[in-house]
Structure formats: structure tokens, C-alpha cells
Amino acid sequence: MNRYRTGKRSASATTPRLNRCLALEDPRRTSDGAGGFLEAWQLLGHHWCEMRALTGRSTDQSGTSLSLQRYRITLRAHPSGSSARPRPDQRLRDGARIFRIDAVAEGDPDGRFLTCFATEETTA
């Protein structure tokens with residue numbers, strides 16, 4: 001019996017569990033007719049994702065206590081330039097929960113997955 005590791009990983013150890021459906025939204029600015037603009041969010045599509053909580057902290061902003069929770073969100077990769085590929089100025093939504101995308105990176109060496117680093121803000 002070989003008691004030493006061979007360095008190989010099982011597929012289940014490296015393949016993310018894409019078990020949450022999140023909506024990808026893009027900000028759209030429109031003129032408000034008075035020299036300013038209104039910001040609305042346009043749905044670009046849905047992605048099955050794996051979410052893992054990272055660090056969290058609380059902060060005060062304008063007299064309101066906020067809880068900031070960071071997440072690592074993994075989803076299937078899409079080519080650069082595709083409207084389905086998340087960008088840092090976009091957000092992911094799960095019902096009333098909003099996850100602001102801070103950064104996007106390749107999730108694996110084969111380019112099958114993307115990792116979004118996102119922050120959820122909630123009032124404490």
C-alpha cells in the first residue's frame with residue numbers, strides 16, 4: 001500500500017460546486033433632463049456560481065454602521081469582451097442581496113472558471 005501522496009488531485013477537489021444562481025447586472029446611466037444622470041441596473045444574464053465567504057468587517061459611514069463581507073465567487077469562464085464575462089464595475093445579485101464586483105481573475109490554469117472577488121454591504 002502506498003502511504004505517500006502522488007500529487008494528483010481528485011476532480012471533486014478541484015471542480016467548484018456551482019450551486020447558486022446569481023444575476024449579473026451592468027450599470028446604465030441615463031440623462032435626468034436637468035444636467036445630471038440617473039443610474040439603473042440592466043440584467044445581462046444569470047450564472048451558476050460557488051460562493052465562499054472571506055474576511056468581513058464593520059465600518060461607520062455617514063453615521064450608519066455598515067457590515068462589509070467579502071466573497072470569492074467562482075463561475076464558468078467566458079471569453080474576454082463577452083457581455084457574459086463579469087467586470088469590476090458590475091454587480092451580482094441574489095434576490096435582495098447585492099455583491100459589488102471588486103476584481104475578476106482566472107480561476108484555474110485551464111481557463112474553465114473565473115473568480116470574482118466581491119463585497120456585500122449591509123446595514124448593521
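Me: Let's agree that a contact means heavy atoms within 4.5 Å. The model is a predicted one. Among contacts in the protein chain with a separation of 6 or more, what percentage comes from residues 24 or more positions apart?

Reply: Start with the contacts whose partners have a separation of 6 or more. From those, pick the ones between residues 24 or more positions apart. Their share of the contacts comes to 52%.

Me: Which elements does the protein chain have, and in what order do they run from the N terminus on?

Reply: The secondary structure amounts to 1 helix and 6 strands. Reading from the N terminus on, the order is α-β-β-β-β-β-β.

Me: How are the strands of the closed barrel ordered?

Reply: Follow the pairings, beginning with E2 (residues 37–61) and E3, which are antiparallel with 11 bridges between them. E3 is also joined by 11 bridges to E6 (residues 113–123), again antiparallel. E6 and E5 share 6 antiparallel bridges, while 3 bridges link E1 (residues 20–31) to E4 (residues 91–94). Put together, the 6 strands of the closed barrel run E1-E2-E3-E6-E5-E4.

Me: By what angle are neighbouring strands of this sheet turned against each other on average?

Reply: The sheet in question is the closed barrel of 6 strands, with antiparallel pairing. Ignoring direction, the average turn between its neighbouring strands is 45°.

Me: Which residue in E6 is the bridge partner of alanine 103?

Reply: E5 covers residues 97–106, and 6 bridges tie E5 to E6. On the E3 side, arginine 72 has phenylalanine 117 in E6 as its bridge partner. For alanine 103, the partner in E6 is likewise phenylalanine 117.

Me: In the hairpin of E2 and E3, which residue takes a positive phi?

Reply: Glutamine 61 is in strand E2, and its bridge partner in E3 is threonine 64. The hairpin has 2 residues between the strands. The one with a positive phi, near 55°, is serine 62.

Me: And in the hairpin of E5 and E6, which residue takes a positive phi?

Reply: This hairpin has 6 residues between the strands. A positive phi near 75° is taken there by glycine 111.

Me: Why does the aromatic pair of tyrosine 71 and phenylalanine 99 get the label it has?

Reply: Searching the whole structure turns up 1 aromatic pair. The ring centres of tyrosine 71 and phenylalanine 99 are 5.3 Å apart, with the planes at 85°. Planes over 60 degrees apart get a label of their own, so this pair counts as edge-to-face.

Me: How many residues apart are tyrosine 71 and phenylalanine 99?

Reply: Tyrosine 71 belongs to strand E3 (residues 64–76), and phenylalanine 99 to strand E5. The pair links distant parts of the chain, and the separation is 28 residues.

Me: Is tyrosine 71 buried or exposed?

Reply: Buried takes a relative accessible area under 20%. Phenylalanine 99, at 0%, is buried. Tyrosine 71 has 11% relative accessibility, so tyrosine 71 counts as buried.

Me: Which strands each supply at least two residues of the largest nonpolar core?

Reply: Nonpolar side chains tend to be buried together in soluble globular proteins. Here, the largest nonpolar core has 13 residues, and Leu22, Met51, Ile73, Leu75, Leu92 and Phe99 have the most contacts inside it. Isoleucine 73 touches residues including Leu22, Met51, Leu92 and Phe99. The strands that each supply at least two core residues are E1, E2, E3, E5 and E6.

Me: How far apart in space are leucine 44 and arginine 85, C-alpha to C-alpha?

Reply: Leucine 44 has its place in strand E2 and is partly exposed at 28% relative accessible area. Leaving aside neighbours within four places in sequence, leucine 44 is in contact with Leu24, Asp26, Arg28, Ser83 and Gln90. Arginine 85 is 41 residues away in sequence, and the C-alpha distance is 9.6 Å.

Me: What about glutamine 61 and threonine 123: how many Å apart are they in space?

Reply: Glutamine 61 is partly exposed, with a relative accessible area of 48%. In sequence, threonine 123 is 62 residues away. From C-alpha to C-alpha, the distance is 10.0 Å.

Definitions and conventions:
Residues are numbered from 1 along each chain as its sequence is written. This is a predicted model: local features need pLDDT of at least 70, side-chain atom pairs count only at pLDDT 80 or more; totals for chains, interfaces and linings use all residues. Side-chain values use heavy atoms; hydrogens and water are left out. Rings of Phe, Tyr and Trp (its six-membered ring) pair if their centres lie within 6.5 Å; planes under 30 degrees apart count as stacked, over 60 as edge-to-face and the rest as tilted. Helices (H or I, at least four residues) and strands (E, at least two) are DSSP runs, numbered from the N terminus. Buried means under 20% relative accessible area, exposed over 50%, partly exposed in between (1.4 Å probe, protein chains only). Two strands pair if DSSP finds at least two bridges between them. Axes are lines fitted to C-alpha atoms, for helices over the stretch in contact, and angles run from 0 to 180 degrees between N-to-C directions. A nonpolar core is a set of buried Ala, Val, Leu, Ile, Met, Phe, Trp, Tyr and Cys residues joined through side-chain atoms within 4.5 Å.
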